[in-house]
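Me: I've got a fold open on my screen and I'd like to talk it through. Can you take my questions one at a time?

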Amino acid sequence: MEKLTILLVGSGGREHALAWKIAQSPLCGRLVAAPGNAGIEAVAELRNVKATDADGLVALAQEIGADLVVVGPESALEVGLADKLAVVGIPCFGGSQRAAQLETSKAFTKDFCRRHGLPTAAYGVFEDAASASGFLDTLTAPFVIKADGLAAGKGVVIAASRAEADAAVLDMLGGRFGTAGARVVIEEFMHGEEASLFAICDGETAVFFGAAQDHKRAYDGDEGPNTGGMGAYSPPPALTPALIDQAWRELILPTVRGMAAEGNPYVGVLYAGLMLTPAGPKLVEYNARFGDPECQTLMPRLASDIVPILLAAARGDLASVEPPRWRDEASICVVLAAEGYPDAPRVGGLITGAEADFGDAVVVFHAGATRDAEGSLRASGGRVLNVCARGATLRDARDAAYAALGTIGLEGGFHRRDIGWRALSK
């Protein structure tokens, strides 16, 4: 196969991990990232086009003669990037605007689950506080309150009391997340461990693409506010082969078939957030892209060339490529965050030590970092760096990641010190 020109869309740690892996492919002749970040710049050309500028990205793909566009963030799918690329005949690894509703509208997904009999929590969808209050009367604490639309991983509240639940409903409907909170989804609370299962899809075929477990709370011991993710590890021992098989049969395959039957064939990554309940795995939510920071744990474990898999999915020919192969190792990602994250992260803090050579087992992905005029790295977002490591065991990987993190500095920054605790406590 001739070398390919690939356009990668996005600017976070997930996209740095994808760029790092794509750049290793012998099929990758030219890699362009839009808008990219300071870490991605080491392996790709950067173009200053935002992920939400669908027309600008299509024009860029045409300008560089892209053979494949790989979409990182869900925001690009929400504005219809894949649809516009299809019009001009450029293969896109990422779902259509309608298919991406599996992530961009929690109400859409819950209704889809109801239509197709997929295991998930009981729920209601509301646009006014009075109706929401009536539904809350039928549930017992704790309560799960979700903004319907995209809220950067922060639109979910687990309310321990009825008063907290009512306050969360009023907060969301009152405009905290803008139009994303114009509707709220209220769910019964499910008991169990959460884990993430990934599938690569081409509209008809689905291929297993690993599993991970992340940590959403900001502080050690799963305390503090929900975040976009403070760390992750792969594979998660809690998601056994039997549970993976059950989730595949009861959730992944029916979803791929159901979306195709409804005229919205699903292409790209299908990320199933699962609750491992006593009754079996149930769907917490779907995401229409690689998780962040879960992707950062998957890429170091992936032994296969990722480009043939992405290209085959984009072309609707996934059945023709070999399934991905994985290293018989564990991997972990620890997020270094800016002071004040997630509510009011402090930007501009100086980063030191992040570009040292940590050896083959450790890689640092840039999430919210930029270079100043002197070439120094500065924090430019809430989640600043992803320190990732792999090892023969999860404990080995964890020790390597934290050893590297001990030599990295961020003014006012913080990180959790217990990533992987669930698996390591077993």
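Reply: Sure. Before we start, "contact" here means heavy atoms within 4.5 Å. And keep in mind that this is a predicted model.

Me: With that in hand, which residues is aspartate 148 in contact with, leaving aside its neighbours within four places in sequence?
Reply: Aspartate 148 is found in the loop between β7 and β8 (156-159). Its relative accessible area is 9% and buried means under 20%, so it counts as buried. Leaving aside the neighbours within four places in sequence, its contacts are Thr104, Ser105, Lys106, Ala107, Ala180, Arg183 and Val185.

Me: Which residues of α6 are buried?
Reply: Helix α6 covers residues 106-116, and just after it glycine 117 takes a positive phi of about 65 degrees. As for the helix itself, the buried residues are Lys106, Ala107, Phe108, Thr109, Lys110, Phe112 and Cys113.

Me: Let's stay with threonine 109. What does it touch, not counting residues up to four places away in sequence?
Reply: Threonine 109 lies in helix α6. It is buried, with a relative accessible area of 4%. Not counting residues up to four places away in sequence, it touches Gln101, Leu102, Glu103, Leu283 and Tyr286.

Me: Over to α7. Why are its buried residues on the same side of the helix?
Reply: Helix α7 spans residues 129-136, and its buried residues are Ala132, Phe135 and Leu136. They sit on the same side of α7 because the arc they cover around the axis is only 100 degrees. In general, an α-helix has 3.6 residues a turn, so residues three or four places apart point the same way. For α7, the value to remember is that arc of 100 degrees.

Me: And what covers the buried residues of α7?
Reply: Recall that those residues are Ala132, Phe135 and Leu136. The cover over them includes β6 (123-126), β7 (143-147), α8 and β9 (184-188).

Me: Which backbone nitrogen does a side-chain oxygen of aspartate 128 reach at the start of α7?
Reply: Look at the start of α7, where the side chain of aspartate 128 supplies the oxygen. That oxygen comes to within 3.3 Å of its target, the backbone nitrogen of alanine 130.

Me: Is alanine 165 buried or exposed, and what does it touch, not counting residues up to four places away in sequence?
Reply: Alanine 165 is found in helix α8 (residues 162-173). With 0% relative accessibility, it counts as buried. Alanine 132 is 33 residues apart from it in sequence, with 9.7 Å between the C-alpha atoms. Not counting residues up to four places away in sequence, alanine 165 touches Leu136, Phe143, Ile145 and Ala159.

Me: Now the open sheet of 8 strands. Which strands stand at its edges?
Reply: The strand order is β16-β15-β10-β11-β14-β17-β22-β19, with antiparallel pairing. An edge strand has a single partner, so one side of it is left without a neighbour in the sheet; here the edge strands are β16 (280-287) and β19 (362-366).

Me: By how many degrees are neighbouring strands of this sheet turned against each other on average?
Reply: We're still on the open sheet of 8 strands with antiparallel pairing. Ignoring direction, the average turn between neighbouring strands is 25 degrees.

Me: Over how many bridges do β10 and β15 pair, and which residue does glutamate 194 stand opposite?
Reply: Strand β10 (residues 193-202) and strand β15 (residues 267-277) pair in the antiparallel sense over 10 bridges. Opposite glutamate 194, in β15, stands methionine 275.

Me: At about what angle does helix α12 run to β17?
Reply: Helix α12 (residues 394-405) lies across β14, β17, β19 and β22. Its angle to β17 is about 30 degrees.

Me: And the open sheet of 4 strands: which residue is the bridge partner of arginine 371?
Reply: That sheet runs in the order β20-β21-β18-β23, with antiparallel pairing. β20 (369-371) and β23 (409-410) stand at the edges. β20 pairs with β21 (residues 377-379) over 3 bridges, and in β21 the bridge partner of arginine 371 is leucine 377.

Me: Last one: what radius of gyration does the chain have?
Reply: The chain holds 13 helices and 23 strands, and buried residues make up 57% of its 426 residues. A compact globule with 426 residues would have a radius of gyration near 22 Å. The chain's value agrees with that: 20 Å.

Terms used. Residues are numbered from 1 along each chain as its sequence is written. This is a predicted model: local features need pLDDT of at least 70, side-chain atom pairs count only at pLDDT 80 or more; totals for chains, interfaces and linings use all residues. Side-chain values use heavy atoms; hydrogens and water are left out. Helices (H or I, at least four residues) and strands (E, at least two) are DSSP runs, numbered from the N terminus. Buried means under 20% relative accessible area, exposed over 50%, partly exposed in between (1.4 Å probe, protein chains only). The arc is that of the directions from the helix axis to the C-beta atoms. A polar contact is a pair of N or O atoms within 3.5 Å; within protein, one must be able to donate a hydrogen and the other to accept it, and residues adjacent in sequence count only if both atoms are side-chain atoms. Two strands pair if DSSP finds at least two bridges between them. Axes are lines fitted to C-alpha atoms, for helices over the stretch in contact, and angles run from 0 to 180 degrees between N-to-C directions. The radius of gyration is taken over C-alpha atoms; the globule rule is 2.2 Å times the number of residues to the power 0.38.
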